[in-house]
Structures are given as C-alpha cells and as structure tokens.
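Reader: Please take me through one part of this predicted model in close detail. I would like the nonpolar core and the aromatic rings.

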Amino acid sequence: MADVELVYFDIHARGELTRLCYAAAGRSDYTDTRIPLFMETPEAARTCEEIHRPRAPFAFFPYLNVRRGDGTVQQVSGDGVVECFVARRLGLLGADETAAGVCSTITHAAVALGTPALTEAGLHGRAAWVYDSVQPNGHIGQVLTHLERYLGRLGCGSGSVYVVGSGLTVADLAIFNALDECLTGPRGDRELAGVKDVMLEHYPQLMQTHAVVAGDLADYLTLRQERVAVEAQAKGAARVP
C-alpha cells in the first residue's frame, strides 16, 4: 500500500477532489480504492452497510488510510479535512498561513455542496432539480453566491487567473469539483440542461476558475472520462444475460 489510500465510491463527487490534487501535483503515489456506489444497486447498498461503513472512522466517505513512518496506519476523515490534509502534503495550500486559511475556507464550503441528493440527481439526469438548486435562492446557489462574493473580495480576476497566488491550489480544485458535479453529474458524463447558463449568469468568477482548472488538467480529465466510458461499457456488458 502507498503511504496514502483514498477510500471512496466509484464516482467523482467528493472523492474526486483528492484525485484532482494528486493530478495537479503531477503525482500518482497513492492508492485509489473505489467501492460500488451504494445508491446504484441493492447489493452495493448491502456491502456498503455491512462491510465498508464499519471500516470508515465515522461511517462516511471519503476517508484516508495514512501509513506513518513507523508502519502504523491512521485514518483521516471529515468534509474538507481529507482534502486539506492531502493538499498540505502536496504543496497545494498556498505560500503562507494566510493563503492556507483562504484555501481551507473555500475547500470546506465547496466540499459541503457534494451531497447524496446532488449525486442522485446527477446520476438520474434530473436536470430540473439541479437547475433549481443552483439558482441564487437555491440551497446550492446560496453557497455559490457566497463563494462568488468571497472571490471578489480576494481580488480574483484582477491579476492572476488563480484563486490564491500564481498557481493551482486546492481552492481552485475545490471550486472546479463542486461546479463540475452540478454541470455534468457525478461521473462527468452528461450535461444537465440549463445549469451552465445559470452558472454563467450568476457565478462568472467561479466559472472562470472552473475553466482555468479544466485547461490546466485537460490531460487528466480526458483520461478520467475515458475510464468512465470503459467502466460504463463493462457494466452494460455484465447486465446482458
């Protein structure tokens, strides 16, 4: 096992932010353990409850198994905690304590948007639900509105294209990941009608950050979607009697 093992479902969503951090750092020295998504089949739901949740520190995902220098393994869990832990290891928390605080602020807010309800809506192509949720008065849109204002206060767009400093940090990646699930679902394989128009109208700075990350990590994102396509084909073949 590598020093860090990510345990999450076989989707993007919350767990994808850790994968994005490794991609942004140009590293792959971690174990990416993907378990079946509990909401897709009765068997996946059963194994999640009987096997996987008992192994998680607080019965939630994602979590990390981290091997220390003495060989012992300790677990790291929590919304934003997992991602900031990884970002610190990979040098993606900015250049100083203030930058790290900004990164942490944005990461915790963005990660919290990745709810099971959003994942389920994306899986089943319920564009109307997502469309309503990302409106400024929707439960997702209210947080996006605060994030948009926060980026304005940070002076984003007035110099560097990045949120903090002159390069990618976990703040950029967290914004990308949160928006990406709203736009294309938890596997990035569908366009949810009308959502992009709402995002462009109400959250232009967030969408600019999404575009910057998409450009910087274009190779990784292409490979990611190729993997999704292969897995979808395999699942389809398995269902054929």
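Author: Start with L173. Leaving out residues up to four places away in sequence, L173 touches L17, L20, C21, A24, L92, L168, V213 and L217. L173 belongs to the largest nonpolar core, which holds 71 residues. Four members touch the most other members: F61, L144, L173 and M199. Helix α8, residues 170–184, supplies the largest share of this core, with ten residues. In soluble globular proteins, nonpolar side chains tend to be buried together.

Now the rings. The whole structure, a predicted model, contains five aromatic pairs. One of them joins F9 and F38. Their centres lie 5.5 Å apart, and the planes meet at 55 degrees. That pair is tilted. It links distant parts of the chain, 29 residues apart. F9 sits in strand β1, residues 4–9. F38 sits in the loop between β2 (31–35) and α2 (42–55).

Are the two rings' residues, F9 and F38, buried or exposed? F9 counts as buried because its relative accessibility is 5%, and the cut-off for buried is under 20%. F38 has 24% relative accessibility, so F38 counts as partly exposed.

F38 has another partner. The charged end of R53 sits over the ring of F38, 5.4 Å from the ring centre.

The pair also has wider company. F9 and F38 form one aromatic cluster with Y8, F61 and Y63. F61 ties the two topics together: F61 is in this cluster, and F61 is also among the core residues that touch the most other members.

Methods. Residues are numbered from 1 along each chain as its sequence is written. This is a predicted model: local features need pLDDT of at least 70, side-chain atom pairs count only at pLDDT 80 or more; totals for chains, interfaces and linings use all residues. Side-chain values use heavy atoms; hydrogens and water are left out. A nonpolar core is a set of buried Ala, Val, Leu, Ile, Met, Phe, Trp, Tyr and Cys residues joined through side-chain atoms within 4.5 Å. Buried means under 20% relative accessible area, exposed over 50%, partly exposed in between (1.4 Å probe, protein chains only). Helices (H or I, at least four residues) and strands (E, at least two) are DSSP runs, numbered from the N terminus. Contact means heavy atoms within 4.5 Å. Rings of Phe, Tyr and Trp (its six-membered ring) pair if their centres lie within 6.5 Å; planes under 30 degrees apart count as stacked, over 60 as edge-to-face and the rest as tilted. A charge sits over a ring if NZ of Lys or CZ of Arg is within 6 Å of the ring centre and within 35 degrees of the ring normal.
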